Structures are given as structure tokens and as C-alpha cells.
Amino acid sequence: AMAVAIQESAPRMFPELSAEEEAPELTELESLCMNCYSNGVTRLLLTKIPFFKEIIVSSFMCDHCGWSNSEVQSAGRIQEQGVRYTLRVSSMQDMNREVVKADSATTRIPELDFEIPAFTQKGALSTLEGLIDRTITGLEQEQPVRKATDPTLAAKIDEFIEKMKKLKDVETPFTLVGACPPPPHRLSEVVPRFSPEPAPPFP
């Protein structure tokens, strides 16, 4: 009974993320800034997304040069099967839904024939609107170079960026599809078993 009481009173390592609870406990670590090589601060949050899994949210900020970075990493057990989530976005309220995007996830918007392949973006904890803004920022980043080297391609990307921006107004419903692949098969499952022949005796 005492062991049970101690276990219940101990803080959870991955408390569930909730807007109703007080500010979550953060762990701060002094870290090297990869932009100016001065010391900055990395903040870590261990939490659990309800009906999802445990994650680690890390955020870095450098007071010297202002560079910042954030990332989400999975902390739960490896899933045995892949998963797929489909959201029909039909109102501005849907744009405020929280989205946890793993770096191994593929994100698609079928109406625009748009896809973010796996491992092309870091994992992130954001809203749906934030996910779209992040995509727009990524597309706009290289536009000055494209306009100088390939004006035709740059014009097409400008048109696509405008379509992405209109999604945030939800004038027309659209679909967001997120898919995480299953983990790689174990070696024993993909490599056929064999019985090696005994080595010849030494002369």
C-alpha cells in the first residue's frame, strides 16, 4: 500500500497537455548556438498528447544573435503499425486545432495536390494555421533566387502560395491527411535465414 501511495504522489514524467492546467514544468539547459557559437538556452518540455503519445518539445533561443529553433521528438514506444489521420477542415475553428507533426510523417492536402514528404521538415507542435504558415514561409524563402534563375517556375510557385494563403480563410472546405509509416522491419524478417557451412579445418 505504501508503494502505491508513493507512486501516486510522484510527478508524472509525461503529464498530459491541457489548456486548463497550470504552466507546465520546463527543463532549461545551456546550449551552444549553431549560428553565432555563443551560449543560448534550450528549454525541454516532456508531455503527452491525449489519445496520441508521449513527446519531447525542445525550443532553443540565443539572446546574442536572436536565432531560435524548435523541434518535436517522439518519446513513446515504436508503433507496430503505421497510422493515418484525416481532417476535414470546414471552419475557422478547425484552423486552431493542434497538430503534432513527426519528422517521419507525410502531410497531404489532396485538393491542391500538395504533399510534404517524410523527413523534409523537423517535427513540430503547432496549429493547423501554423503548419500552413510554415509551409508558405518555406516556399517563399527561395523565391528571389527562382525569380532570377527560373521566372516561369517562380510565377507558378507564387500562384500556389496564394492558394495556400486562401486556405486559411476556409472559403472552401479542404482535407488534411497525415500519415506515419510503420517502423522498419527487423533484420530477421527481411533477411532469409541460412545455415552456414562449417569452416574447413586448419591444415
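Strands β5 (83-89) and β10 (residues 174-180) pair in the antiparallel sense over 7 bridges, where pairing asks for at least two DSSP bridges between two strands. Helices (H or I, at least four residues) and strands (E, at least two) are DSSP runs, numbered from the N terminus. Within this pair, V89 stands opposite F174 of β10.

A word on the model: it is predicted, so local features need pLDDT of at least 70 and side-chain atom pairs count only at pLDDT 80 or more, while totals for chains, interfaces and linings use all residues. Residues are numbered from 1 along each chain as its sequence is written, and side-chain values use heavy atoms, with hydrogens and water left out.

Let us step back to the sheet. It is open, with 4 strands in the order β5-β10-β7-β8 and antiparallel pairing. Its edge strands, β5 and β8 (114-116), each pair on one side only.

Next comes the loop between β5 and β6 (98-101), which holds D94. D94 is buried, at a relative accessible area of 8%; buried means under 20% (1.4 Å probe, protein chains only). Beyond neighbours within four places in sequence, D94 is in contact with R88, V89 and L128, contact meaning heavy atoms within 4.5 Å.

After the loop, β6 runs antiparallel to β9 (residues 124-127) and is joined to β9 by 4 bridges. One bridge partner pair is V99 and S126. The side chains of β6 alternate between faces:

| Residues of β6 | Face | Buried? |
|---|---|---|
| V99, K101 | one face | buried |
| E98, V100 | the other face | not buried |

Key. Buried < 20%, exposed > 50% of the residue type's maximum accessible area, 1.4 Å probe, protein only.
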